Amino acid sequence: MATMTVSAEQAVPSGPLSARLTTTQIWGFALLAPYFLVFLAFVLYPVGYGLWLARHPASYVTLYHDPVFARAAINTLFFLLVGINLKMLVALFLSGFFIQERSWIKWLSVLFILPWAVPSIPTILSVRFMLNPEWGLINQLIFKFTADDGPNWLNDPVLALSMAIVVHIWKSLPFWTLILMTGRLAIARDLFEAADVDGASWWQKFRFITWPSMRTLYLTCTLLSMIWTLGDFNSVYLLTGGGPADLSHVLSTLGIRYLRLDELDLSMAAIVCALPLVLPLVYFMMKRLSR
């Protein structure tokens, strides 16, 4: 049986790249080129330029000695631990409430979703006006019913950060409630009917049916919410502006403070300091999604 050998020149087509590509492949590269250029111009270049600005070790030394940065890091951790856990627990409870098949609950769900649907700037600024200690609606109501002037909401650092957490929860709670509602609706109704026959209480049904079915979704949503919350600029900056005396800043708003002080390197360094929090969250979330 004769064998035929093929030389390397015959196995690999020679000539320019355009001669070795088919018409379909050429059109494919041509259609992908604009997306690649947009990704290069609006993603890779800004990130690379920001990392290049934050490359100096002296910037991190300056941040370390800045008491505002230390307070912003503590505020960020407090914002994440309290805000996200409280938000997801409330969303888990409300997801069970809104899946009930009653007409008034359906109408109520339409009103419930409005804070998430409307733009952030007018809604958060309206809350800021309501919290004004002199002529705000909340203190006016407190004075009407108790004859007390009410607290100075945004001039106390603890109250100001707490109100920012409340606004963040109020604004994003409808979205996570809808996601968890989807998880609840995916659970087979036969399981709950069998539990009712066995005389199970609502807590037993939640513990042995609802939670095992939604645990993965709940943890994934919590991780994703932590990533998004780290970049939540509006809830703090529009409500408190970082005040009073820069005591309610978080890492996402601290960069703006340095930009206003014309310290671009410190601004980017403050953002880079959030990466040790973001990268582990992204890793665990992608690992969980891959399962």
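Here is a short conversation about this predicted model.

Colleague: Happy to look at this with you; how many helices and strands are there in the protein?
Modeller: A word on the source: this is a predicted model, where local features need pLDDT of at least 70, side-chain atom pairs count only at pLDDT 80 or more, and totals for chains, interfaces and linings use all residues. Residues are numbered from 1 along each chain as its sequence is written, and side-chain values use heavy atoms, without hydrogens and water. Taking DSSP runs of at least four residues (H or I) as helices and at least two (E) as strands, the protein has 16 helices and zero strands.

Colleague: Why is the protein said to be more spread out than a compact globule?
Modeller: The globule rule (2.2 Å times the number of residues to the power 0.38, compared with a radius over C-alpha atoms) gives 19 Å for 291 residues. The protein is more spread out because its radius of gyration is well over that, at 27 Å.

Colleague: Which helix gives the most to the largest nonpolar core?
Modeller: Such a core joins buried Ala, Val, Leu, Ile, Met, Phe, Trp, Tyr and Cys through side-chain atoms within 4.5 Å, buried being under 20% relative accessible area with a 1.4 Å probe, protein chains only. This core has 43 residues, and Phe 79 and Met 88 are among those touching the most other members. Elements giving two or more residues include H5 (67–98) and H12 (202–230), but the top contributor, with 10 residues, is H10.

Colleague: And how many residues are in the second, separate core?
Modeller: Its members include Leu 53, Leu 251, Leu 254 and Tyr 258. The residue count of this second core is 15.

Technical notes: Buried < 20%, exposed > 50% of the residue type's maximum accessible area, 1.4 Å probe, protein only.
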